[in-house]
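Got a minute to look at a protein with me? I'd like to go through some labels and ask what each one rests on.

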Amino acid sequence: EPVAKYGTLDVTFDYDSQEQKLLVTVTAVTDVPTYSRAGGSSWQVHLVLLPIKKQRAKTSIQRGPCPVFTETFRFNHVESEMIGNYAVRFRLYSVRRMKKERIVGEKIFYLTKLNLQGKMSVPVILEPSYSLSGCDSQMSTSEVSCSESTSSCHSLVHGSAPEILVGLLYNATTGRLSAEVIKGSHFKNLAANRPPNTYVKLTLLNSMGQEMSKCKTSIRRGQPNPVYKETFVFQVALFQLSDVTLILSVYNKRSMKRKEMIGWISLGLNSSGEDELNHWTEMKESKGQQVCRWHTLLES
């Protein structure tokens, strides 16, 4: 059965648990798509350490059907006891002169597969980027099945209002607030009769309403009930936890026109409703366990 080619990276991982550093060497790319489909014959690889997305790197631009890079990148503060929470996302871009770079394929490599000491060379086989989440869910199967059942009864109660399923987790030891955008339901395209292309933007505000951090999911195209399963981590000290507000805004990305907001919710200090406030309180009391809840979006 022929397999569509999105590129295969030749990668070496070298992890040092004492220094808590990870060296990633991108040697070469094979199986790149044909010239016409990718729209160019110059290539670049982008790397980002998930879930925090603060440590990023990219290779130089190389030409030809079998580009060779042999470049090493260093990621710091990768704790060995937390290694299962980390992943490196690889993205291959085709680069054209005078035009924007275009993503060809991507793959999320979970560091659970690593040798905790020493080098490991692996082929990283890229997949089409639109079908992947930015970060995988950390929910257990029991939590998934519980939220699935919640989902069905919730939708019956609320009719067809757009809703979003969010997982919250706070680790007081590390000061990390994890917000997982799990899925949406009943998302509508207000202007047209086809399902919308949606993404979720997360914004963390301090007690004065100033922006501390923001990020967004990748786009889910043509889905009224999109599954995102993307986790975002914010650094929030325990003493700040009652003074921050997390806003989730769902947008429909329309071609040629500006984005249009489908709806929003806020959690934390300035919660948009009682359900949202209760969810935040449950997260604070759950001692490092993820709490998942459905929320009905408010209209902009």
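What follows is a chat about the terms used for this predicted model.

Q: What should I know before we start?
A: Residues are numbered from 1 along each chain as its sequence is written, and side-chain values use heavy atoms, leaving out hydrogens and water. The model is predicted, so local features need pLDDT of at least 70 and side-chain atom pairs count only at pLDDT 80 or more, while totals for chains, interfaces and linings use all residues.

Q: What makes arginine 91 and glutamate 106 a salt bridge?
A: The term calls for a side-chain nitrogen of Lys or Arg within 4 Å of a carboxyl oxygen of Asp or Glu. Here the closest N and O atoms are 2.2 Å apart, so the pair fits the definition. It ties together distant parts of the chain: arginine 91 sits in strand 7 (residues 87-95) and glutamate 106 in strand 8 (residues 102-110), 15 residues apart. Strands here are DSSP runs of E with at least two residues, helices are runs of H or I with at least four, and both are numbered from the N terminus.

Q: Why are arginine 91 and glutamate 106 called buried?
A: Buried means under 20% relative accessible area, exposed means over 50%, and partly exposed is in between (1.4 Å probe, protein chains only). Arginine 91 has 19%, so it counts as buried. Glutamate 106 has 1%, so the label is buried there too.

Q: How do you know that lysine 107 and glutamate 127 pair up?
A: Their side chains meet with N to O at 2.8 Å, which makes a salt bridge. Again distant parts of the chain are linked: lysine 107 belongs to strand 8, and glutamate 127 to the loop between strand 9 (117-125) and helix 2 (141-158), 20 residues apart. Lysine 107 has a relative accessible area of 24%, so it is partly exposed. Glutamate 127 is at 29%, so that one is partly exposed as well.

Q: What about glutamate 19 and lysine 21: what makes them a salt bridge?
A: Their N to O distance is 3.7 Å, and they meet in a salt bridge through their side chains. Glutamate 19, at 49% relative accessible area, is therefore partly exposed. Lysine 21, at 16%, is therefore buried. There's a network too, with Glu19, Lys21 and Arg74 linked by salt bridges.

Q: How many salt bridges does the structure hold?
A: There are 7. As a general point, side chains of opposite charge can pair when their charged atoms come close.

Q: Why is strand 15 called largely enclosed?
A: Strand 15 covers residues 245-252, and 7 of its 8 residues are buried, so the rest of the structure largely encloses it.

Q: How do you know that strand 15 pairs with strand 12 and with strand 16?
A: Two strands pair if DSSP finds at least two bridges between them. Strand 12 (residues 198-205) is joined to strand 15 by 8 bridges, running antiparallel. Strand 16 (residues 260-268) is also joined to strand 15 by 8 bridges, again antiparallel. With those counts set against the cut-off, both count as paired. For instance, leucine 204 has leucine 246 in strand 15 as its bridge partner, and tyrosine 251 has methionine 261 in strand 16.

Q: Why is arginine 221 called exposed?
A: Its relative accessible area is 55%, so arginine 221 is exposed. You'll find arginine 221 in the loop between strand 13 (211-216) and strand 14 (227-235).

Q: Why are threonine 70 and histidine 77 called exposed?
A: Threonine 70 has 52% relative accessibility, so it counts as exposed. Histidine 77 has 60%, so it is exposed too. Threonine 70 lies in strand 6 (residues 68-75), whereas histidine 77 lies in the loop between strand 6 and strand 7. Each has a positive phi without being a glycine: threonine 70 is near 45° and histidine 77 is about 60°.

Q: What makes alanine 172 partly exposed?
A: Its relative accessible area is 47%, so alanine 172 is partly exposed. Its place is the loop between strand 10 (163-171) and strand 11 (176-185).
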